Amino acid sequence: MLAAQAFLSMATVTLPILAPAVAAETGLAFSLLGLFVALIYASSMGCGLVSGALVRRWGALRLSQLCLLAASAGVGLLATAHVGGVAAAAVLMGLGYGPLNPASSHLLNRVAPPHRRSRIFSLKQTGVPVGALLAGALLPPLASWSGWRSAVWAVCGACALLALLLQPLRATLDTDREPHARVGLDSLAEPLHVALGDRAGRPLALASFSYAALQLCLGTYLVTFLTTQNGYTLVEAGLALAVTQAAGIAGRLLSGHVADRSGHPRRVMGAMGCLMGGCAIVSAFASAWPAPMLLLLYGVFGASAIGWNGVYLAEVARRAPAGAVSAATAAALFVTFAGVLAGPPVFALMIEAGMGYDTAFAAVALPALLCGLTLLHGARPQSR
């Protein structure tokens, strides 16, 4: 599940990372990045809602393989460099990205001891920054060496290969599937029923909305910000993005450990919100800082803005009714992906209106900061 998460993450950030090279050859506007990312997560939201039924019928491992194949096809379409092909690519990536977390949560919840749940889920969630880290470190040099399309085809092939390599595990991991389980329109309502039954979890869901909006703005626009406003080269900006993702890996592991040891996952979530919001606001005044100081700032920014997801998904799984972990995760991620869907386009609109990237980051940070303060104020220890 860690590997699948990493490869899906690499697929979704391929275009944002290669955007300057793609735009130089094709003339595609940078502002389309926000719409591209929004389309990925709009597709994820819809497909994710039926993931509980799909897990029951096909098994979580088989569903993960199909997610990888959808992402592979989507990345391959990026090579067309045509607006229609890029839009279709975003939809296919979303069809892969949406069901992956519910499928992995279903598998992990079967084997994770309750007192280690946050750590295990956070370890799996490090796949997101690992994938972005690999993409930020490898794709720009590969594009400089042999063209951006070569980088695209490399990611396409990696996703397809991993789907094939997972096949021997299916007989062991999909033993609980129900081949005749029904998948229909009523499957869309299952996550809604689970969510409506968990009123106490709504502040966490709202926080995930604002946190995800800021997280995706950071991953989508950092490279463009540093190249267009701070004078960085594509390779230098890719390195900066890699720093944020590496820090995000550490942030996820540390936050999961602290949440399990303290028994206060909500307090951990609140602290992360305050930290990411503060870093984004400080970044509005840091464009003239020396490169090492700016990298340190974005390292802390990445650790907090990327580090909360595993704690959140573990808490969702803990609160889920018996046998409904995948449905509860789908409901929670519907709200999270709504934040992703809203964040980059709003950011793009602010840029198109003449606002600087630094100011736009500060504006998107305010809701995350307020949600963090709210969670800190209302935190209660979890039952162990």
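The following exchange asks how several descriptions of this predicted model are justified.

Biologist: How do you know that the length of helix α1, residues 2–26, agrees with what a helix should span?

Modeller: The expected span is 1.5 Å times one less than the number of residues, so the 25 residues of α1 should cover 36 Å, and the end C-alpha atoms, which lie 34 Å apart, agree with that.

Biologist: What is called a kink in α1, and where does it lie?

Modeller: The bend at a residue is the angle between axes fitted to the seven residues ending there and the seven starting there; at A19, shortly before the proline P20, there is a kink of about 65°. Just after α1, G27 takes a positive phi of about 80°.

Biologist: Why is α1 called largely enclosed by the rest of the structure?

Modeller: Buried means under 20% relative accessible area, and 18 of the 25 residues of α1 are buried, so the description follows.

Biologist: Which residues of helix α3, residues 51–58, are called buried?

Modeller: Those under the 20% cut-off are S51, G52, A53, L54 and V55, while G59, just after α3, takes a positive phi of about 95°.

Biologist: What makes the packing of α13, residues 265–283, with α14, residues 291–305?

Modeller: The axes of α13 and α14 are 8 Å apart at an angle of about 145°, and the crossing is left-handed. Contact means heavy atoms within 4.5 Å, and the residues making the contact include M272, L275 and M276 of α13 and L297, Y298 and F301 of α14. The contact residues divide into 12 nonpolar, two polar and no charged.

Terms used
Residues numbered from 1 in each chain as written. Predicted model: local features only at pLDDT ≥ 70, side-chain atom pairs only at ≥ 80, totals over all residues. Heavy atoms only, no water. Axes fitted to C-alpha atoms, helices over the stretch in contact; angles between N-to-C directions. Helix = DSSP H or I, 4+ residues; strand = E, 2+ residues; numbered from the N terminus. Left-handed = near helix turned anticlockwise from the far one by under 90°. Nonpolar A, V, L, I, M, F, W, Y, C, P; charged D, E, K, R; others polar. Buried < 20%, exposed > 50% of the residue type's maximum accessible area, 1.4 Å probe, protein only.
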